[in-house]
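I am keeping these notes as I work through one model, one topic at a time. My first topic is the aromatic rings.

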Amino acid sequence: MNSTAPATSHRSSRAPRLFLDAELAAGAVVELDKAQANYLGNVLRLKAGQPVLVFNGRDGEWRADVEASGRKALALAIRDQTRVQTELGRIHYLFAPLKQARLDYVVQKAVEMGAASLTPVITQHTQVTRLNQDRLVANVIEAAEQCGILSVPAVRREARLAEAVAGLPPACRLIFCDEEAPEPNPIAALAGLDAACEVAVLIGPEGGFDEAERRFLTAYPGVLRLALGPRILRADTAAVAALALVQSVIGDWRERAPRAG
């Protein structure tokens, strides 16, 4: 996986899109690291003067032009802002880690679905308990480049279930995906939520939660148990389904992102 590879912007079929860990402002010049320079110069074969869209999660999206910087180095000259910065959403994603290929997938999809933060949760039946934090962050950045978002979700360290839930923001509603939820219709279950509130969507491991964990979750104040239909879903499928439901009913799918003037 090349975590530094920019993706084609949804706004322009010609300009690649790149995350930069640097301040962005008109007139700034940002030196690229070796991997980013190699990708733009040798893989995409961009020449001096060609455009790139850049963002850093803080300063919006900017158009930049490629500049040579030394014999093999490249830099980007920041020109003008194309989109103003957006805030992170209100949906936090808590998940039991999966094996690597499926973990990569579910992290990328959570970013695409608008998660504001990602927290790996260690449960009794969790398949993987040791995680590569750098790989998680790289997947988040790659997904952000690809799907056109401006705010990069936070990646939390793995935590036990009770610790992860205790770390949620104040007044955040916990949505516990549960095949035994009393309301079988997930749309009806979500309809009563305040569309302005923060929520945390919790997806358990393939083997499900054990009885002690289920008791803890069902007794949690204000918990909403969410059914995901009559079929048993894999954990990665359940994540996409749950986040899509939440976004469509109370999330930002109904909002339009602001543009630069």
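Entry 1, aromatic rings. I am working with a predicted model, and I began by looking up how its aromatic rings pair; the count comes to four aromatic pairs. One of them is formed by Y93 and F95, whose rings are stacked, with 4.8 Å from centre to centre and 10 degrees between the planes. Is Y93 buried or exposed? I found that Y93 has a relative accessible area of 1% and is therefore buried, since buried means under 20%. F95 is buried as well, with a relative accessible area of 2%. I also looked for a charge set over a ring, and noted that R17 lies over the face of F55, at 4.0 Å from the ring centre.

Entry 2, the nonpolar core. Next I looked up the largest nonpolar core, which has 37 residues, and I wrote down that Y93, I175, L190, V201 and I203 touch the most other members. The elements that each supply at least two residues of this core include the strands β7 (91-95), β11, β12 (199-203) and β13 (224-226), together with the helices α2 (100-112), α3 (133-147), α5 (186-191) and α7. Which element gives the largest share of this core? That is α7, with nine residues. As a general remark for myself, nonpolar side chains in soluble globular proteins tend to be buried together.

Entry 3, the cavity. I then searched for enclosed space and found one cavity of 30 Å³ or more, with about 40 Å³ of space in the largest cavity. The residues that line the largest cavity are Y93, F95, A96, L98, V106, I203, G204, A235 and D236, and I noticed that Y93 and F95 are the two partners of the stacked pair in my first entry. Both β7 and α7 supply at least two residues of this lining. Sorted by class, the lining has seven nonpolar residues, one polar and one charged.

Entry 4, a pocket. For open space I turned to the second largest pocket, which holds about 460 Å³. It is lined by 23 residues, and the closest to its centre are C177, E179, P205, I232 and L233. The elements that give two or more residues to this lining are β11 (173-177), α6 (211-218) and α7 (235-250). What classes of residue make up the lining of this pocket? I recorded 11 nonpolar, four polar and eight charged residues.

Entry 5, two leucines. I looked up L53 and placed it in strand β4 (residues 51-55), where L53 counts as buried at 5% relative accessibility. L53 and D65 are 12 residues apart in sequence, and their C-alpha atoms are 8.7 Å apart in space. L131, in turn, is found in the loop between β8 (117-122) and α3, and L131 is buried with a relative accessible area of 16%. Between L131 and N56, which are 75 residues apart along the chain, the C-alpha atoms are separated by 25 Å.

Entry 6, positive phi. Finally I checked backbone angles, and noted that R45, a residue other than glycine, has a positive phi near 60 degrees. R45 is found in the loop between α1 (34-43) and β4, and is exposed, with a relative accessible area of 59%. A171 is not a glycine either, yet has a positive phi of about 70 degrees. Where does A171 lie? I located A171 in the loop between α4 (161-166) and β11, and A171 is exposed, with a relative accessible area of 72%.

Methods. Residues numbered from 1 in each chain as written. Predicted model: local features only at pLDDT ≥ 70, side-chain atom pairs only at ≥ 80, totals over all residues. Heavy atoms only, no water. 1 Å grid on protein atoms, 1.4 Å probe; cavity = no way out; pocket = protein on both sides within 12 Å on 5 of 7 lines; lining within 4 Å. Points joined across faces, edges and corners; volume = space filled by probe spheres on them. Nonpolar A, V, L, I, M, F, W, Y, C, P; charged D, E, K, R; others polar. Phe/Tyr/Trp six-rings, centres within 6.5 Å; stacked < 30°, edge-to-face > 60°. Buried < 20%, exposed > 50% of the residue type's maximum accessible area, 1.4 Å probe, protein only. Lys NZ or Arg CZ within 6 Å of the ring centre and 35° of its normal. Core = buried A, V, L, I, M, F, W, Y, C linked by side-chain atoms within 4.5 Å.
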